[in-house]
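Visitor: Could you take me to one part of this model for a close look? I would like to hear how it is held against its surroundings, and then what else is worth tracing from there.

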Amino acid sequence: MTKIATPSIPTAPDTPVEQIHDTFEKQLVHQYTMRRTTAKQRIARLQQLHDTIYRRRPEIERAIYADFRKSKTETDISEVGVSLGEIRHTIKHLKTWMRTQSVGTPLTLFGSSSEIMQEPKGVCLIISPWNFPFNLSFAPLVSALAAGNCVIVKPSEYTPNSSAVIKSILEECFAPEEVFVAEGGVSVSQALLELPFNHIFFTGSPAVGKIVMAAAAKHLTSVTLELGGKSPVVIDPSAGLDHAAAQTAWLKSMNAGQICIAPDYIMVHESVKDAFIAKMAAKLETFYGKDAAARQASPDLCRLVNARHFARVKSLLDDAVAKGATIAYGGFCDEADLFIETTLLVNVPENAEIWQEEVFGPLLPIRTWTELDEVTEYINARPKPLAMYLFSHRNRVIEHVLTNTRNGGVTVNDCGPHFYNCELPFGGSNNSGIGKCHGIYGFQEFSNARSVLRQTRLMPTSRFMLPPYGGKLAEILLKGIVRWF
Ligand code: NAD
């Protein structure tokens, strides 16, 4: 397996712009063939994708290890398993989702029938980030294909090995007029954003999300924006502290904290702060090793993706400490190895950078509260987070926090699983995102709910509305419309 030797920034090669334009033109033509595909045909394609991903799992594991040394088990759970789960769920339900739905018709349209058809949007663009290069490329792709679209996928340039395997797998399964992978960085992304796609599904930072939305506005292209944010963990004194510490330590350390739904900061009740920190420290030692050297050698901890991200996270740590924060646990960083251990910070001053931007790394600042309103007021004074984790055994507390805050999604008494349930819509709200993905929500995101009203050929009521206005029956009908319908 390739080992990261120097903190340089490897990037994927740029797909030539002419090839992108040529493929886009082909997809514009091919979209009508895709539109006509049946549930059976779409399911066959998805099954082929499923089997190919499963068969080529070892390549995926090697690629992602080469990109940022993620363990095989974590790749199986968070990349391969999640992608295959999304495919199986879609295969199971696609026929129902695609079914044209009959809806009621008011008496004023007597004799007609109404229905909603799910039609594909057409030619779609998926731009993905580097932190889960497979899952965040394949999951939206599955929804787009289920809905009957042609797709161009642009994986992140910062995980070049993963990008190459994504390209190779999709080339094995699809013709370029169906699915095409455009590799490369910002310039490739910008060239793609010039094109009049029918839908853009973007996963990445809020800052780039704004660029994507502005580009989409030029063509009035609809967007799904899966963004990030500062996701809090709230610990009530009634919580099972051992469980809360284990789940928080795990999700914050997975992917080295480079997860959109990672715990960004902790809000723990003052009375259990010390006990919670002690338990977090104990969990981190049990999971990853007794000292910093052991933790760095742990095969279960991956690396920061590149030198730029290492420097960004390290500067958040240095800034907090320089402004007076205390490292309650961890703090070890090795630039040559792009390693930062999971680090707990307390007494972090309000002006520290770590309170202003999404951490997206293994640092966890901790603040305390005594009254529940301090929790909701703090969360509500900031942009809506993508995720929130609430540990409490008191229903009153749980309902109070749920009712008095807003954000994309919540897990009560755990960290992360609301992401894994395909029956739940996943996404943010405002600064953390627009639109939803997973399961039927992803399918609907890539579909146009087209309304079809079939008028009766016998005596359509609309005939009575034609001018010149008047006549007894029209008057009665009009009265009826105004009064009752
Ligand atoms: P990013 O926004 O820097 O990049 C995402 C994609 O956008 C990449 O493919 C990149 O090539 C492209 N891009 C970058 N700059 C661009 C520009 N100026 N114009 C056009 N395209 C551009 O994000 P990232 O660093 O890859 O990922 C980290 C961010 O993604 C975090 O904020 C994280 O919270 C968020 N994220 C969200 C989700 C989610 O599901 N909501 C999942 C993973 C990551």
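Guide: Let's start where domain 1 faces domain 3, whose C-alpha centres lie 46 Å apart. The contact (heavy atoms within 4.5 Å) takes five residues from domain 1 and four residues from domain 3. By the domain assignment, which is automatic or from a database, domain 1 covers 17-227 + 436-448, domain 2 covers 232-429 and domain 3 covers 455-484.

Before going on, please note that this is a predicted model, in which local features need pLDDT of at least 70 and side-chain atom pairs pLDDT 80 or more, while totals for chains, interfaces and linings use all residues. Residues are numbered from 1 along each chain as its sequence is written, and side-chain values use heavy atoms, with hydrogens and water left out.

Back at the interface, domain 1 and domain 3 bury about 410 Å² between them, and carbon and sulfur atoms give 60% of that area (accessible area lost by two parts on being put together, 1.4 Å probe, summed over both). On the side of domain 1, Thr108, Phe110 and Ser112 lose the most area to domain 3, together 71% of what that side buries. The rule finds zero salt bridges across this interface (a side-chain nitrogen of Lys or Arg within 4 Å of a carboxyl oxygen of Asp or Glu). It does find one residue pair in polar contact between domain 1 and domain 3, both at pLDDT 80 or more (N or O atoms within 3.5 Å; within protein, one able to donate a hydrogen and the other to accept it, with sequence-adjacent residues counting only through side-chain atoms on both sides).

Where, then, are salt bridges found? The structure holds 24 of them. In one of these, the side chains of Arg69 and Asp337 meet at 2.5 Å, N to O. This pair links distant parts of the chain, 268 residues apart: Arg69 is in the loop between helix 3 (57-68) and helix 4 (72-98), and Asp337 in the loop between strand 11 (333-334) and strand 12 (339-340) (DSSP runs numbered from the N terminus, helices being H or I of at least four residues and strands E of at least two). Asp337 also forms a salt bridge with Arg303, the closest N and O atoms being 3.0 Å apart. Because Arg303 sits in the loop between helix 11 (292-297) and helix 12 (307-322), this pair ties together parts that are 34 residues apart in sequence. Arg69 and Asp337 are both buried, and Arg303 is buried too (under 20% relative accessible area; exposed is over 50% and partly exposed in between, 1.4 Å probe, protein chains only).

Arg312 and Glu357 form another such pair, 3.2 Å from N to O. Arg312 is in helix 12 and Glu357 in the loop between strand 13 (343-346) and strand 14 (363-369), so parts 45 residues apart in sequence are tied together. Arg312 has 23% relative accessibility and so counts as partly exposed; Glu357 is partly exposed as well, at 29%. Elsewhere, Arg55, Arg56, Glu59 and Glu172 are joined into one network by salt bridges that share partners.

One last stop is His50, in helix 2 (residues 39-55). His50 counts as buried because its relative accessibility is 11%. Its side chain makes a polar contact with that of Asp51 at 3.1 Å. Beyond neighbours within four places in sequence, His50 is in contact with Leu84, Ile87 and Arg88.
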